[in-house]
Amino acid sequence: MRAQFILSEIGIGLRRNLSMTISVVLVTFVCLTFLGAAALLQAQIDKMKDDWYDKVEVSVFLCPSNSAAPTCAAGEVTQEQRDDILAALETPQVAEFVQEIYPESKEQAFEAFQRQFGDQFWASAATADDMNASLRIKLTDPEQYQVVADVVSGRPGVESVEDQRRLFDNLFLVLDRATWAAAGLAGIMLLAAVLLITTTIRLSALSRKRETGIMRLVGASTLFIQLPFMLEGAIAATLGAAMAIGGLWLGVEYLVADWLGQSVTWIPYVSTSDVLAIAPLLVIVAFVLAAISSLVTLSRYTKV
């Protein structure tokens, strides 16, 4: 009997404040979509880092014959200088961070150049003598780039040392900032959702002030009086969370997996399983929103 009464009160409250309830659902949907998008964007960054950082190499470019670098004052790198550089990379303090060293001659560098830029008109003027011989170093931990760079930089025969990871750092910086922007917008929308749910519960409570007054007179408990209002907010917030999860799932499935996944195949993308992984978080946030709004409103209302 009590459950039936509470359900009927919930239905009455939702019907009386239908427009406000729809607003709560939509605001919750928008803010949780931003929050979910921020979480998915961070997951995307982590996937890209895990995949790309494992593939990047440190490139030690050796002196060509025409370099103006101070370390190349003696001209093109000699075999003795090569041996000295390799010996430095094999010292105990460096060797633990070096997984493999791949020497690349001028001819091999030129072949790679032709494969990448051979269709460009300006590439036809390049020759193998214009290329740098190099040492491609695969690290056991890409974060330890500086250890290797400090050992080989400035040695005779070394023109420059480059870390391929730096090519991606600017991209990851932009994506990180986009994550924070999405999270900031989500925070603003969460505040708006709390205020809107609070207003909805207050209006619902005021519209049934006479009924709740009678319930107090007959000895109904505070929890029994407050429960329908709390459940109204929870239902609206949960509907918004469900819409957000559905929207994120559709976006990942059709926009990311089907469209981007078919167009750009060399990037590891988030999948619908990542959406399902953050779904419980979004539902929990929706319940917390409803709970906070209910406590703020009903704790004052029951004193009236």
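**Figure 1. The whole chain, from helix to strand.** In these legends, helices (H or I, at least four residues) and strands (E, at least two) are DSSP runs, numbered from the N terminus. The model shown is predicted, so local features need pLDDT of at least 70 and side-chain atom pairs count only at pLDDT 80 or more, while totals for chains, interfaces and linings use all residues. Residues are numbered from 1 along each chain as its sequence is written, and side-chain values use heavy atoms, with hydrogens and water left out. The protein has 10 helices and 4 strands. Read from the N terminus on, the elements follow the order α-α-β-α-α-β-α-β-α-β-α-α-α-α. Of its 304 residues, 39% count as buried, where buried means under 20% relative accessible area, exposed over 50%, and partly exposed in between (1.4 Å probe, protein chains only). About 16900 Å² of surface is accessible, and 63% of this belongs to carbon and sulfur atoms (Shrake-Rupley method with a 1.4 Å probe; for residues, only the protein chains shown count as cover). Now look at contacts, meaning heavy atoms within 4.5 Å. Among those between residues at least 6 apart in sequence, 83% join residues at least 24 apart.

**Figure 2. The annotated transmembrane regions.** According to an unreviewed UniProt entry, "transmembrane region" covers residues 21–45, 180–205, 217–250 and 275–298. UniProt positions are given in the numbering used here, feature names are shortened, and annotations may be inferred rather than shown by experiment. Follow residues 21–45 from end to end: this stretch is 100% helix and 0% strand. Its end C-alpha atoms lie 36 Å apart.

**Figure 3. The largest pocket.** Rolling a probe the size of a water molecule over the atoms shows where empty space is left. On a 1 Å grid over the protein atoms alone, a pocket is an open set of points where a 1.4 Å probe fits, with protein on both sides within 12 Å along at least five of seven lines, and lining residues have an atom within 4 Å of a point. The largest pocket has a volume of about 450 Å³, counted as the space filled by probe spheres set on the points, which are joined across faces, edges and corners. Its lining has 13 residues, and those nearest the centre are Glu104, Ala109, Ala112, Gln116 and Arg136. Which helix gives the most to this lining? That is α5 (residues 106–117), with 5 residues. By class, the lining holds 6 nonpolar, 3 polar and 4 charged residues (nonpolar: Ala, Val, Leu, Ile, Met, Phe, Trp, Tyr, Cys and Pro; charged: Asp, Glu, Lys and Arg; polar: the others, Gly among them).

**Figure 4. The second largest pocket.** This pocket has a volume of about 250 Å³. Of its 13 lining residues, Leu40, Val252, Leu255, Val256 and Val270 are the closest to the centre. Two or more residues come from each of α2 (18–53) and α9 (222–263), and α9 gives the largest share, with 7 residues. The lining here is made of 10 nonpolar and 3 polar residues, with no charged ones.

**Figure 5. Two residues of helix α2.** Find glutamine 44 in helix α2. Is glutamine 44 buried or exposed? Glutamine 44 counts as buried because its relative accessibility is 11%. Beyond its neighbours within four places in sequence, glutamine 44 contacts Ile267, Pro268, Tyr269 and Val270. Threonine 33 is found in helix α2 too, and its relative accessible area of 23% makes it partly exposed. Setting aside residues up to four places away in sequence, threonine 33 touches Ala244 and Leu248. Its C-alpha atom is 9.5 Å from that of glycine 246, although the two residues are 213 apart along the chain.

**Figure 6. Alanine 88 and its partners.** Alanine 88 lies in helix α3 (residues 79–89). With a relative accessibility of 6%, alanine 88 counts as buried. Which residues does alanine 88 touch, not counting those up to four places away in sequence? They are Val94, Val151 and Arg155. The C-alpha atoms of alanine 88 and valine 152 are separated by 7.1 Å, with their positions 64 residues apart along the chain.

**Figure 7. Phenylalanine 168 in helix α7.** Look for phenylalanine 168 in helix α7 (residues 166–207). Phenylalanine 168 is partly exposed, at 22% relative accessible area. Residues up to four places away aside, phenylalanine 168 touches Trp52 and Val56. From C-alpha to C-alpha, phenylalanine 168 and valine 56 are 9.7 Å apart, while in sequence they are 112 residues apart.
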